[in-house]
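User: I'm new to this one. Could you walk me through how to read it, feature by feature?

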Amino acid sequence: MESPATAAFCLALLRRQLTLAARRPIEIGNPLLFFAMVVALFPLGLGPAPDKLASFAPGILWIIALLSNLLTSETVFRSDFEDGSLEQLLLAPQPLFMSVLAYIGAQWLTTGLLLALVSPIFALMINLPGPAIGALVASLLLGTAVLSLVGGIGAALTVGLKRGGMLISLLILPFYMPVLIFGSAAVQNAVLGMPALPYLAILGSMLCLAIALAPLAIAAGLRISIDA
Amino acid sequence: MPSGPSGEPLLAVHDLCLERGGRELFRDLSFDVLPGHLLQVDGPNGAGKTSLLRILAGLSRYGFSGHLERRCPLLYLGHHSAVKALLTPRENLAWHVSGESSYSDQQIEEALARVGLYGYEDVPSHALSAGQHRRVNLARLYLSHRALWLLDEPFTAIDKGGVAELEKLLVEHVQRGGAVVMTSHQPLRVAYEVKMLSLSAGLPA
């Protein structure tokens with residue numbers, strides 16, 4: 001019997017990962033709760049003056065989105081490593097490049113996408129001007145996808161370590177910085193009434209680059225982690 | 001239908017040497033696995049049985065010297081069962097990460113019934129015992145069409161009846177022209193020639 005085509009296999013993987021995520025709703029809710037909690041901290045720390053908060057809002061929202069993505073990126077391959085599924089995935093005849101894209105895709109759908117969709121509520125909490133909300137959602141949609149892909153590289157490299165949490169932050173935070181710069185700049189520009197599109201285009205090109213290259217690095221990282 | 005070992009080797013191993021932690025586990029290991037071979041790897045704990053199987057499967061790619069050729073798709077069952085506790089046995093098999101083929105519901109039900117899990121198809125796997133987890137994994141053997149099976153301690157946590165069933169399945173597989181390389185501490189009770197590879201002695205007997 002023939003092995004299923006790569007596309008069918010990836011869809012099955014995606015469905016598997018989404019089902020697994022849906023059966024642990026707390027893990028989907030955690031990053032969102034984290035986002036809500038930290039946003040609530042800023043008015044306490046910076047003072048509740050609305051105009052002051054508004055000027056920091058683009059940066060604040062983007063940094064929190066980045067941190068809550070960092071919280072979840074470590075777990076993408078963890079449980080599959082522990083129960084032996086990862087070994088089986090590496091032996092599958094389908095290209096690992098596509099299978100890891102399915103894993104990362106599922107992770108993005110349950111974190112980055114949800115985060116981007118609920119971000120307008122948090123934006124209102126710290127008084128981000130209304131016209132900038134569109135730019136915030138768009139920049140988060142593109143940016144969190146890049147973060148998930150880059151975070152996947154760190155997750156693949158540290159999956160074999162007992163406590164990889166700190167190491168993964170050190171490894172991938174430098175690569176998160178360009179995304180943060182252009183993501184928050186897009187929102188900042190929208191706040192100032194200038195076009196956000198150039199920055200969104202740069203985020204889009206980062207995403208294209210990440211989709212093309214990150215799976216290669218993730219696949220190599222997984223092979224090294226399984227070998228060790 | 002070939003009954004004895006014959007034909008082109010499914011797996012050829014030449015001069016395999018492995019060193020772990022400054023100790024030489026085996027050296028100059030050479031053997032062919034032909035269709036119809038039932039090869040049992042034997043040796044005390046720490047002799048390198050699992051390491052050998054991981055090298056044969058292609059999971060370990062560094063740290064050993066020698067040459068090996070894999071000429072057919074293989075199925076590897078390791079120490080971990082690769083069964084997700086949050087998925088039911090049916091989902092575990094239908095969406096299995098080994099990407100072998102897409103099975104119909106009926107095929108999966110038959111395979112689960114063969115390993116004694118009839119009626120457990122849609123129970124979340126975290127409600128199953130350790131032995132039943134192993135059995136979900138073993139159901140893959142009933143579904144598989146791959147010729148070469150690499151099994152690492154397949155009898156762990158399996159009851160006596162399950163072991164007998166599994167031994168029967170292994171013989172059926174090699175009689176169909178497949179091949180099995182397995183590690184186990186128990187002697188196989190089968191009416192078929194079992195080739196032994198003893199790692200403590202160093203050379204295939």
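**Reading the helices**

Analyst: Start with helix H8 (residues 133-158) of chain A: at 1.5 Å a residue its 26 residues should span 38 Å, and the end C-alpha atoms are 35 Å apart, which agrees. The expected span is 1.5 Å times one less than the number of residues. Helices (H or I, at least four residues) and strands (E, at least two) are DSSP runs, numbered from the N terminus. This is a predicted model, where local features need pLDDT of at least 70 and side-chain atom pairs count only at pLDDT 80 or more, while totals for chains, interfaces and linings use all residues. Residues are numbered from 1 along each chain as its sequence is written, and chains are lettered from A and ligands numbered from 1 in the order in which they are written.

User: How many residues of H8(A) are buried?

Analyst: A residue is buried if 20 or more other C-beta atoms, placed from the backbone, lie within 10 Å of its own, exposed if 12 or fewer, and partly exposed in between. In H8(A), 22 of the 26 residues are buried, so the helix is largely enclosed by the rest of the structure.

User: What about a single residue, say Phe35(A): buried or exposed?

Analyst: Phe35(A) has 23 C-beta neighbours inside 10 Å, so it counts as buried. You'll find Phe35(A) in helix H2 (residues 25-46) of chain A. Leaving out residues up to four places away in sequence, Phe35(A) touches Ile64(A), Ala65(A), Ser68(A), Leu115(A) and Phe122(A). Contact here means C-beta atoms, placed from the backbone, within 7 Å.

User: How do I describe two helices that pack together?

Analyst: Two packed helices are described by the angle between their axes and the distance between the axes. Here, take helix H6 (residues 96-110) and helix H10 (residues 197-227), both of chain A: their axes come within 9 Å and cross at roughly 100 degrees. That makes H6(A) roughly perpendicular to H10(A). The cut-offs are under 35 degrees for roughly parallel, over 145 for roughly antiparallel, 65 to 115 for roughly perpendicular, and oblique for the rest. Axes are lines fitted to C-alpha atoms, for helices over the stretch in contact, with angles from 0 to 180 degrees between N-to-C directions.

User: Which residues of H6(A) and H10(A) meet?

Analyst: Leu96(A), Phe97(A), Val100(A) and Leu101(A) from H6(A) meet Pro215(A), Leu216(A), Ile218(A) and Ala219(A) from H10(A). By class, that contact has eight nonpolar, no polar and no charged residues. Ala, Val, Leu, Ile, Met, Phe, Trp, Tyr, Cys and Pro count as nonpolar, Asp, Glu, Lys and Arg as charged, and the others, Gly among them, as polar.

User: And how do I read a sheet?

Analyst: Strands of a sheet pair through backbone hydrogen bonds, either parallel or antiparallel. In chain B, three strands form an open sheet in the order S2-S1-S4, with antiparallel pairing. Strand S2 (23-33) and strand S4 (64-70) of chain B are the edges, each pairing on one side only. Pairing needs at least two DSSP bridges, and S1(B) and S2(B) have seven. Leu18(B), for one, stands opposite Phe26(B) in S2(B). Helix H1 (residues 49-57) of chain B lies across S1, S2 and S4 of that chain, at about 135 degrees to S1(B).

User: What is odd about the backbone at Asp15(B)?

Analyst: Asp15(B) has a positive phi of about 50 degrees, though it is not a glycine. Asp15(B) lies in strand S1 (residues 11-20) of chain B and counts as exposed, with 12 C-beta neighbours inside 10 Å.

User: Last one: how many residues of chain B are in contact with chain A?

Analyst: In chain B, 25 residues are in contact with 27 residues of chain A. The chain B side has 11 nonpolar, 10 polar and four charged residues.

Note on methods
Two residues are in contact if their C-beta atoms, placed from the backbone, lie within 7 Å.
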